[in-house]
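Got your viewer open? Let's take a short walk and pick out a few spots one at a time.

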Amino acid sequence: MQELAERVAVITGAASGIGRGIAEAAAAKQMRLVLADIEPKTLDAAADALRAAGAEVAAVPTDVSDAGAVTRLGEAALDHFGAVHLVCNNAGVLVAGSLWENSLDELRWSVDVNLWGVIHGIRTFVPILLEQGGEGHIVNTASMAGLTAAPYLDIYNATKHAVVALSETLHKELAMLESGVGVSVVCPGLIQTRIMESARNQPGTGDRDPDARTLSEGGNFITGFLSAGIDDGWPPSRVADAIFDAVAAQRFYVIPAQEPVKAGLYQRLDELREERNPALPGIFSEPS
Ligand code: NAI
């Protein structure tokens with residue numbers, strides 16, 4: 001999709017981090033915006049800032065894990081702007097740790113937001129885009145954790161692999177339909193956002209300090225590793241720019257990731273090709 005001005009972008013998880021970066025880049029391209037997030041106050045602040053910069057914005061508080069809420073988001077987008085062209089299923093949360101040390105609530109919440117959130121987005125917006133006809137594009141935010149499997153990120157890896165798989169399936173299906181609706185999956189590396197504070201949005205935890213969680217040595221290791229990498233990571237605008245390049249070029253894979261992070265993917269591809277057992281990616285054993 002090359003022509004973006006005046007077209008409508010729906011972005012989930014738009015109040016912070018990568019979602020907000022996508023919203024800012026979309027506004028710079030004169031797109032009209034439907035911003036969705038579970039945090040009403042930060043959502044309103046993001047919407048106000050974008051309006052002040054001249055964008056047309058509808059802010060729709062939405063919990064993407066709730067099918068009905070995502071259906072209502074689709075209705076709100078059509079009510080406000082009459083059409084939808086770009087849909088970014090971006091909202092996500094990160095829970096660190098091994099399956100047996102995470103609580104069932106944490107595991108279910110991760111799947112509800114990271115996987116069901118994207119499923120609800122696809123089930124709501126693909127029929128809208130198909131019925132509308134013409135050009136459209138779906139962008140699903142996965143992660144490098146959807147292409148590699150770092151230790152102590154068990155449920156996060158599983159949900160992000162699932163997002164890559166369903167995005168790839170969708171891409172093939174929409175291409176076979178010759179629909180004019182493109183699909184991209186975004187697999188960022190380490191990006192400066194609030195993802196390590198995901199627990200702020202876990203139902204039933206209030207404003208719990210995410211550092212107060214009791215984890216094993218491994219869970220603490222990956223939390224420390226990711227926190228340091230994310231503090232030092234690329235700005236969300238870099239991911240947003242990569243997304244818009246891919247939308248214009250109809251490219252499926254978008255991998256805005258640091259080379260040492262990407263090396264883990266190349267290692268895995270070699271392991272698969274040679275049927276070798278998976279080894280710890282170098283980034284975890286080398287001083288950064
Ligand atoms: P963030 O925490 O800064 O932003 C996530 C946004 O999603 C927040 O505004 C939050 O309120 C919202 N959100 C959380 N649960 C929600 C729900 N149930 N319904 C609607 N909105 C909800 O984090 P970030 O990093 O911007 O996360 C965006 C996506 O990027 C996620 O899918 C994450 O897994 C992915 N990602 C992030 C990377 C990073 O290094 N920051 C790397 C790879 C992927």
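Is phenylalanine 225 buried, partly exposed or exposed? Select it: phenylalanine 225 counts as partly exposed, at 22% relative accessibility (buried is under 20% relative accessible area, exposed over 50%, partly exposed in between, with a 1.4 Å probe and protein chains only).

Before moving on, know that this is a predicted model, where local features need pLDDT of at least 70, side-chain atom pairs count only at pLDDT 80 or more, and totals for chains, interfaces and linings use all residues. Residues are numbered from 1 along each chain as its sequence is written, and side-chain values use heavy atoms, leaving out hydrogens and water.

Now add phenylalanine 284, which is buried at 16%. Its ring and that of phenylalanine 225 make a tilted aromatic pair, 4.7 Å centre to centre with 45° between the planes. (Rings of Phe, Tyr and Trp, using its six-membered ring, pair if their centres lie within 6.5 Å; planes under 30 degrees apart are stacked, over 60 edge-to-face, the rest tilted.) Phenylalanine 225 is in helix 6 and phenylalanine 284 in the segment after helix 8, so the pair ties together parts 59 residues apart in sequence. (Helices are DSSP runs of H or I, at least four residues; strands are runs of E, at least two; both are numbered from the N terminus.) Add Phe221 too, and you have one aromatic cluster.

Next, jump to helix 2, residues 40-52. Color Leu43, Ala46, Ala47 and Leu50: these are buried. Look down the axis: the buried residues fall within an arc of 100° (taking directions from the helix axis to the C-beta atoms), so they line one face of the helix. On the other side, Lys41 and Ala52 are exposed.

Technical notes
Expected span 1.5 Å × (residues − 1).
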